[in-house]
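Work through the following exercises with the sequence and the model at hand. Each task is followed by a solution in steps.

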Amino acid sequence: MRRRSFLAVAGWLATAALATLIGVAAIRWVGESIAGTPGGVLSQEEIERALASPGPTVPGAGGPSFPTAGGTGGPPSPGATGSTPAGARRAFATTGGSAVVECGPGGVRLVSWTPAPGYRVSDAEPGPDDDVEVAFAGPSGEFELKLRCVGLEPVSVEDDD
């Protein structure tokens with residue numbers, strides 16, 4: 001009787017382990033086929049490539065549309081659409097959130113900004129200007145991004161306030 005109980009428990013454990021492995025493999029396979037990447041996570045290079053590619057256009061708007069982060073980012077300025085040449089677009093991140101900036105003839109401007117979960121935007125100066133800022137406030141304090149253009153390349157700078 002004792003041996004029989006042992007075999008029943010061992011069989012049940014082996015079946016449970018096998019079912020778990022099959023379930024994990026199925027989830028991974030389905031996740032990769034849906035997201036196109038393991039776990040749906042993009043590398044920094046993939047994000048920068050995606051940001052550098054032209055965005056979708058809005059019919060009748062006369063220029064590219066720029067994403068806003070849940071309504072927190074502003075629409076592009078009138079000089080940012082149309083035939084004016086734009087410089088590089090780049091993403092920056094802090095613990096409090098992230099921002100996408102673009103350099104152009106009018107200076108640097110915030111294209112979009114998104115607070116991290118648990119954070120909120122406490123201040124944003126979208127530009128275009130010599131420099132732009134966005135600040136995120138949350139449980140770990142305030143995190144600020146101050147950005148400007150060097151040539152047509154966006155860079156992060158120390159806050160001189």
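**Exercise 1: One residue in a strand**

E144 is partly exposed, with a relative accessible area of 32%. The structure is a predicted model, in which local features need pLDDT of at least 70 and side-chain atom pairs count only at pLDDT 80 or more, while totals for chains, interfaces and linings use all residues. Residues are numbered from 1 along each chain as its sequence is written, and side-chain values use heavy atoms, with hydrogens and water left out.

Task: state in which strand E144 lies and how far its C-alpha atom is from that of T95.

Solution. Step 1: apply the accessibility classes, in which buried means under 20% relative accessible area, exposed over 50%, and partly exposed in between (1.4 Å probe, protein chains only). The value of 32% puts E144 in the partly exposed class. Step 2: the strand that holds E144 is β6. Step 3: E144 and T95 are 49 residues apart along the chain, and their C-alpha atoms are separated by 9.5 Å.

**Exercise 2: Elements and totals**

Task: list the elements in order from the N terminus and give the share of buried residues.

Solution. Step 1: take helices (H or I, at least four residues) and strands (E, at least two) as DSSP runs, numbered from the N terminus. The protein has two helices and seven strands, in the order α-α-β-β-β-β-β-β-β. Step 2: of the 161 residues, 24% are buried. Step 3: the accessible surface is about 10,400 Å², and carbon and sulfur atoms contribute 60% of this surface (Shrake-Rupley method with a 1.4 Å probe; for residues, only the protein chains shown count as cover). Step 4: among contacts (heavy atoms within 4.5 Å) with a separation of 6 or more, 31% join residues 24 or more positions apart.

**Exercise 3: The three-stranded sheet**

Task: give the strand order of the open sheet of three strands and find its edge strands.

Solution. Step 1: two strands pair if DSSP finds at least two bridges between them. The order is β1-β2-β3, with antiparallel pairing. Step 2: β1 (89-93) and β3 are the edge strands, each pairing on one side only. Step 3: from one strand to the next the twist averages 25 degrees (axes are lines fitted to C-alpha atoms, for helices over the stretch in contact; angles run from 0 to 180 degrees between N-to-C directions). Step 4: β1 and β2 are joined by five bridges and form a hairpin with three residues between them; R90 has V101 in β2 as its bridge partner. Step 5: β2 and β3 pair over eight bridges, and S98 is partnered by T114 in β3.

**Exercise 4: The four-stranded sheet**

Task: give the strand order of the open sheet of four strands and describe the turn between β4 and β5.

Solution. Step 1: the order is β4-β5-β6-β7, again with antiparallel pairing. Step 2: β4 and β7 (153-156) are at the edges with a single partner strand each, so one side of each has no neighbour in the sheet. Step 3: neighbouring strands are turned by 20 degrees against each other on average, direction ignored. Step 4: five bridges join β4 to β5 (residues 131-138), with A124 opposite V134. Step 5: this hairpin has five residues between its strands, and G127 in the turn has a positive phi of about 80 degrees. The peptide bond from G127 to P128 is cis, with omega near 5 degrees. Most residues other than glycine have a negative phi, and most peptide bonds are trans.

**Exercise 5: Core and aromatic pair**

Task: name the elements that give two or more residues to the largest nonpolar core, then classify the aromatic pair.

Solution. Step 1: a nonpolar core is a set of buried Ala, Val, Leu, Ile, Met, Phe, Trp, Tyr and Cys residues joined through side-chain atoms within 4.5 Å. The largest has 12 residues, including F92, W113, F136 and L147. Step 2: the elements asked for are β2 (97-104), β3, β5 and β6. Step 3: rings of Phe, Tyr and Trp (its six-membered ring) pair if their centres lie within 6.5 Å; planes under 30 degrees apart count as stacked, over 60 as edge-to-face and the rest as tilted. This rule gives one aromatic pair. Y119 and F143 are 6.0 Å apart centre to centre with 65 degrees between the planes, which is edge-to-face. Step 4: Y119 lies in the loop between β3 (107-115) and β4 (120-125) and F143 in β6 (residues 141-150), so the pair ties together parts 24 residues apart in sequence. Step 5: Y119 is buried at 13% relative accessibility, whereas F143 is partly exposed at 22%.
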